[in-house]
Amino acid sequence: MSGPAHIALPALAIGIAVTAAGLMSQDVAMSAPAPKRELAPLSASKTALVPFEVSPFPYRGDTPDKNRPFLDVQDGERRGHNSARGGTYWEDQTYNDQRVLLHIPKGFDPRRPALMIVFFHGNEATLNRDVRQRQAVPRQVTESGLNAVLVAPQFAVNALDSSAGRFWEPGVFAQFVNEAGERLTQLYGDERARGAFQSAPVVIAAYSGGYNPTAFILQSGRIGERLRGVLLLDALFGEQDKFADWLAKRPPAFFVSAFGKAARDDNTTLERMLTERGVSFQKTLPATLARGSVAFVAASDDVSHNDFMTASWVNDPLKVMLRRITGFSRTAAAGATPKKR
């Protein structure tokens, strides 16, 4: 995705620029701090593509369980990866984008309990074209009514590849989440909001090929009890043992796998594995996504995998599932007073 011309917005202290498409792109320039003001709900949403230091790619390690380097193709100085489904993809084109889509919705209040929604896209995706526009993930987070922010890293760019890159490595996801807290603080524009972002529980939402990084994070992401839940949206195409092992430990987190025809067999396999491990589950979406709840939600066979994020057993299924999470409303209950930071 090439970057259009930028128009500087000097009112933001972290050097934010807005593109012609309305999406921000963040640089590292710093300006004088804005005058102190009372923390209040955000008056307008903020969305930005932000380069991270800790990101899934570039990745120069090995492919798990294959005992060979991930970059296993070379042409002169160029290095690439041979994907089973997509053929050869080159690092400089496919595995080199360190940007992350950040979104803070209008009305977000750092004085209230907050959630961090980390979204993993599927194959043949880019953050702006697919996550932001086609699948409307920022809009669904906003319309959920949760006091939640969105963090969506770029994996393989527009490729038939579900590789997790650095998220295969133990502990890297925890580092990524910590950096997300810093970047969100910068995007919000007030250091006093840092605590809300740095302590926010994490919900992983994965679509399609996003199952792969999710599985390895559950195995060794080292995020601990900060992980509040996992939402799979037609996103189980392997690594069932990692999901089953994690759920067998009875983590203090919820798990929902919604699926259509494409992922039906893999979900049936996981259900059987959980039954063998004595893990109970239900086959409808719970009214409340409480810690420890496990659910599978089947969509009909005529639901398109490509459209699953917006048209599944319901429209906007991510929004519907997020609304079942309690304790993180963006608006205060009557008589409630947000805590000061």
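Okay, let's start with helix α2. What covers the buried residues of α2? The cover includes strands β4 (46–51), β10 (99–104), β11 (115–120) and β12 (148–153), along with helix α3 (137–143). Before I go on, please keep in mind that this is a predicted model.

So which residues of α2 are we talking about? The helix runs over residues 127–134, and Leu127, Asn128, Asp130 and Val131 are buried there. Just past the helix, have a look at Ala136. Ala136 follows α2 and has a positive phi, near 50 degrees.

Now let me zoom out for a moment. The protein has 341 residues, and buried ones make up 55% of them. There are nine helices and 16 strands to find your way around. If you take the contacts between residues at least 6 apart in sequence, 75% of those join residues at least 24 apart. As for the outside, the protein exposes about 14,700 Å², with carbon and sulfur atoms supplying 49% of that area.

Back to one of the strands covering α2, namely β12. How many of its six residues are buried? Six of the six, so to speak: the strand is mostly covered. Here's a bit of background for the first-years: in a regular strand the side chains alternate between the two faces of the sheet. In β12, both faces are covered. Ala148, Leu150 and Ala152 are buried on one side, while Val149, Val151 and Pro153 are buried on the other.

And who are the partners of β12? Remember that strands of a sheet pair through backbone hydrogen bonds, either parallel or antiparallel. You get to see both kinds here. β10 and β12 run antiparallel, joined by four bridges. On that side, His103 has Leu150 of β12 as its bridge partner. β11 and β12, on the other hand, run parallel, and four bridges join them too. There, Val118 is paired with Val151 of β12.

Next stop is a sheet of three strands. It's an open one, in the order β7-β8-β9, and the pairing is antiparallel. Which strands sit at the edges? Those are β7 (73–75) and β9 (87–90), each pairing on one side only. On average, neighbouring strands of this sheet are turned by 35 degrees against each other, if you ignore direction. Let's pick out one pairing: β8, residues 78–83, meets β9 in the antiparallel sense over four bridges. If you want a spot to click on, Asn82 stands opposite Thr88 in β9.

Right, on to the nonpolar cores. The largest has 66 residues, and the members touching the most others are Met116, Phe173, Phe176 and Phe255. Which helix gives the most to this core? That's α4, residues 172–188, with eight residues. Apart from this core lies another one of 35 residues, including Leu101, Ile117, Val141 and Val303. Let's stay with Phe173 for a second. Leaving aside its neighbours within four places in sequence, Phe173 is in contact with Val118, Phe120, Phe167, Val202, Ile204, Ile217, Gly221 and Ile223. You've already met Val118 as the bridge partner of Val151 in β12.

Now for a pair of helices, α7 (residues 240–248) and α8 (residues 264–276). Their axes come within 10 Å and cross at roughly 35 degrees. The crossing is right-handed. From α7, the residues that meet the other helix are Gln240, Asp241, Phe243, Ala244 and Leu247. On the α8 side, they meet Asp266, Thr269, Leu270, Met273 and Leu274.

Last, a few backbone oddities in the loops. Pro58 sits in the loop between β4 and β5 (62–63). A cis peptide bond joins Phe57 and Pro58, with omega at about 5 degrees. A loop further along, between β5 and β6 (68–69), holds Asp65. Asp65 isn't a glycine, yet its phi is positive, about 70 degrees. Is Asp65 buried or exposed? It counts as exposed, because its relative accessibility is 75%, and the cut-off for exposed is over 50%. Then there's Asn158, in the loop between β12 and α4. Asn158 has a positive phi as well, near 50 degrees, and is a residue other than glycine. With a relative accessible area of 38%, Asn158 is partly exposed.

That's my tour, thanks for listening!

Technical notes
Residues numbered from 1 in each chain as written. Predicted model: local features only at pLDDT ≥ 70, side-chain atom pairs only at ≥ 80, totals over all residues. Heavy atoms only, no water. Buried < 20%, exposed > 50% of the residue type's maximum accessible area, 1.4 Å probe, protein only. Helix = DSSP H or I, 4+ residues; strand = E, 2+ residues; numbered from the N terminus. Contact = heavy atoms within 4.5 Å. Pairing = 2+ DSSP bridges. Axes fitted to C-alpha atoms, helices over the stretch in contact; angles between N-to-C directions. Areas by Shrake-Rupley, 256 points an atom, 1.4 Å probe, with all protein chains shown as cover. Core = buried A, V, L, I, M, F, W, Y, C linked by side-chain atoms within 4.5 Å. Left-handed = near helix turned anticlockwise from the far one by under 90°.
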